[in-house]
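Got your viewer open? Load the model and follow along, one selection at a time.

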2 protein chains.
Amino acid sequence: MNIAILFGGSSFEHEISIVSAITMKKVLKKTNIIYIFVSPDRAFYLVDTAKINSKLFSSGEYKKGKQLTLKQGGFFVDSMFGLKTVSFDGVLNLIHGRDGEDGKISSMMEFFNIPFISPRMEASALSYNKLYTKFLAESLGVKTVAYEYLSKNDKRKIVMDYPVIIKPVRLGSSIGVSIVKEPSELDYALDIAFEFDTDVIIEPFIEGVKEFNLAGCYTNNWELSIVEEPQKEAFLDFEKKYMDFSRDSQVLAADIDDSLKQNIQENFKKIYEPLFLGSIIRCDFFVVDGEVLLNEINPIPGSMANYLFNDFEGMLERLFKNLPKEQKISIDYQYIHSIQSAKGKA
Amino acid sequence: MNIAILFGGSSFEHEISIVSAITMKKVLKKTNIIYIFVSPDRAFYLVDTAKINSKLFSSGEYKKGKQLTLKQGGFFVDSMFGLKTVSFDGVLNLIHGRDGEDGKISSMMEFFNIPFISPRMEASALSYNKLYTKFLAESLGVKTVAYEYLSKNDKRKIVMDYPVIIKPVRLGSSIGVSIVKEPSELDYALDIAFEFDTDVIIEPFIEGVKEFNLAGCYTNNWELSIVEEPQKEAFLDFEKKYMDFSRDSQVLAADIDDSLKQNIQENFKKIYEPLFLGSIIRCDFFVVDGEVLLNEINPIPGSMANYLFNDFEGMLERLFKNLPKEQKISIDYQYIHSIQSAKGKA
């Protein structure tokens, strides 16, 4: 297969997207990868797969590459004989954070009729925003951690017992996240969070909570990963998560009983189908007092959570063959014709 | 001002978008309008403002016009000397239904850094889908009509008393909507709705319910329209709504007391701010037993609800001067640099 990997973007997670993208080269051994970089100022660049490395971007050298234009049916490169299509079978959206996870890339792929793996627009809007994820989970009967919500201009008052964890609603990779042990620390933590976002949610911080991750997709069958119990400290800071995005070898399944595993899988399926069809997502769950709670949806997980799957490359191919189809709308101008007739103009 | 009007799109409401766009020419008397048509197959065409009429589109003659390319900073036209920018101050998104109201146009305008009037992506995702609108309203303390929800593959069973009204969740302009008086009619009505969408909501149909519409935006002040009591029959079918989209002269305010008016205005403001900043929306309310209930949000109302405002053209200019700014993200590659240092490569 020929897969175009879109990465970079105008995002706080721009650099970890580069790491994720480079990791794919090690993981996708039989695939012909076409790298398309979205620069910080949102131009598209074709990157030589043989030469890709992180320095190419940090040095700005990528700018010497070919710039691409997005038009109906694909990406195009200027050539001596006019625009030439960049040839591939489909796009893998690997932009973490803004642009990739908020629905912009999906919007454009759909508009320009390019097959792509990524949560579609609605799925993006609901999972990119942690508050809306709560609404979604609730409507699907999936339990989540209790929460409060504060907007930048709201009074800085919470009802919940300490310790709490503060999260900007629209960011991943622990950016802007703080654990707050007592009321006197709240203000500072909110200052940090509001540097990154206009809205935050506040959840109880549960020391030593059991956490389990599951990734997957639906091709014409459910393809679910192993359940992983991530090793962790209080929580991963950005640099540690950053290293985490370059994982490329399979990890061990968590040592849990079948009923808990099934429970986690059922919750994943409730979230995934039908909203997330066409995407590979990772859901992170907590288990508290025997209850499975959705902690977060990762709509574009680090290195696509490849390390949780037996046959990641095969799954990617199967997913490309089973992407959701956009509804066809045929426009016949019958209303305009009938109005013209009524006016005697037809 | 020079305003580019985007209209058409791959939408069931393609034709009424054309009607809305042409209506703007009568309404915007001091504005220089640049018309950009999105064809049914989603190519961009520059349309001559002097020559615009509905037949240009129904006949396919628009295809003789210039095709445009979307790139960073604007729309571009091929000229003898390479690409040339189409010059305007901002875009008014006037695409009803898919592409316009679902967030695609907003995504692209934001990505390509073009100032635009339209609900932003999150606002689009939540208001384009009537189920998500319910979640949103609930979270903001705005009451709505009771509802049930059915997905295409769900059992066709409802709990609510008849008569009910069936609505596809993602369509406007009454497309696919039916009133169902008794259980025996349910199946047929659902068949119709599911032709247009995978999901529907069902609400009680309240005969003779009082309905009030209010449109508006926030510039650096609230600019709210008069409250209109739309004249109506059981409900407007598509052809009647279609004619409705060409309204261009101001209507009379509803004869209601100040406290009801204020109540409606307060509910509008709760919905609008901050999610809908940058857009002009119309909210349709029901009043049942003295309670104000949100019926629908119209994220891109027909002919922008110009007929509800005293100074629509002035408001449009003020809104263009007060659009929400995208958060700046500066990317300095410090993590990549520090990892390279750690590896001794820097």
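**Start at helix α4**

This is a predicted model, so keep that in mind as you click around. Select helix α4 of chain B first and see what its buried residues pack against: α3 (104-111), α5 (130-139) and β16 (291-298) of chain B, plus α4 (121-128) of chain A.

Now show the residues of α4(B) itself. Is this helix enclosed or not? Eight of its eight residues (residues 121-128) are buried, so the rest of the structure largely encloses it. Click through the buried set: B:Met121, B:Glu122, B:Ala123, B:Ser124, B:Ala125, B:Leu126, B:Ser127 and B:Tyr128.

**Across to the partner helix**

Add α4(A) to the selection. The two helix axes, α4(A) and α4(B), come within 9 Å and cross at roughly 115°. That makes α4(A) roughly perpendicular to α4(B), and the crossing is left-handed. Turn on side chains for the residues that make the contact: A:Met121, A:Glu122 and A:Ala125 from α4(A), with B:Met121, B:Glu122 and B:Ala125 from α4(B). Sorted by class, this contact has four nonpolar and two charged residues, and no polar ones.

Wondering about the spacing of those positions? In an α-helix there are 3.6 residues a turn, so residues three or four places apart point the same way.

**Round the corner in chain A**

Stay on α4(A) and add helix α5 of chain A (residues 130-140). Their axes are 5 Å apart and the helices pack at an angle of about 110°, and α4(A) and α5(A) are therefore roughly perpendicular to each other. On the α4(A) side, pick A:Ala125, A:Leu126 and A:Ser127; on the α5(A) side, pick A:Tyr132, A:Thr133 and A:Leu136. Here the residues divide into four nonpolar and two polar, with no charged.

**Zoom out to both chains**

Next, colour by chain and look at the whole contact, which takes 40 residues from chain A and 41 residues from chain B. On the chain A side, the elements giving two or more residues include α1 (14-27), α2 (54-58), β4 (66-71), α7 (238-244) and α10 (334-342), along with α4 and α5. Which element gives the largest share? Select α3(A), which supplies five residues. By class, the chain A side divides into 16 nonpolar, 13 polar and eleven charged residues.

Last stop: superpose the chains. A rotation of 180° with 0.0 Å of shift along its axis puts chain A on chain B, with an RMSD of 0.0 Å. That is the relation of a two-fold axis. As for the interface, 100% of the interface residues of chain A are also interface residues in chain B, so the copies meet through the same surface.

Methods:
Residues are numbered from 1 along each chain as its sequence is written. Chains are lettered from A and ligands numbered from 1 in the order in which they are written. This is a predicted model: local features need pLDDT of at least 70, side-chain atom pairs count only at pLDDT 80 or more; totals for chains, interfaces and linings use all residues. Copies are superposed by least squares on the C-alpha atoms of residues with pLDDT of at least 70 in both. Two residues are in contact if their C-beta atoms, placed from the backbone, lie within 7 Å. A residue is buried if 20 or more other C-beta atoms lie within 10 Å of its own, exposed if 12 or fewer, and partly exposed in between; C-beta atoms are placed from the backbone. Helices (H or I, at least four residues) and strands (E, at least two) are DSSP runs, numbered from the N terminus. Axes are lines fitted to C-alpha atoms, for helices over the stretch in contact, and angles run from 0 to 180 degrees between N-to-C directions. Angles under 35 degrees count as roughly parallel, over 145 as roughly antiparallel, 65 to 115 as roughly perpendicular and the rest as oblique. A crossing is left-handed if the near helix is turned anticlockwise from the far one by less than a right angle, and right-handed if clockwise. Ala, Val, Leu, Ile, Met, Phe, Trp, Tyr, Cys and Pro count as nonpolar, Asp, Glu, Lys and Arg as charged, and the others, Gly among them, as polar.
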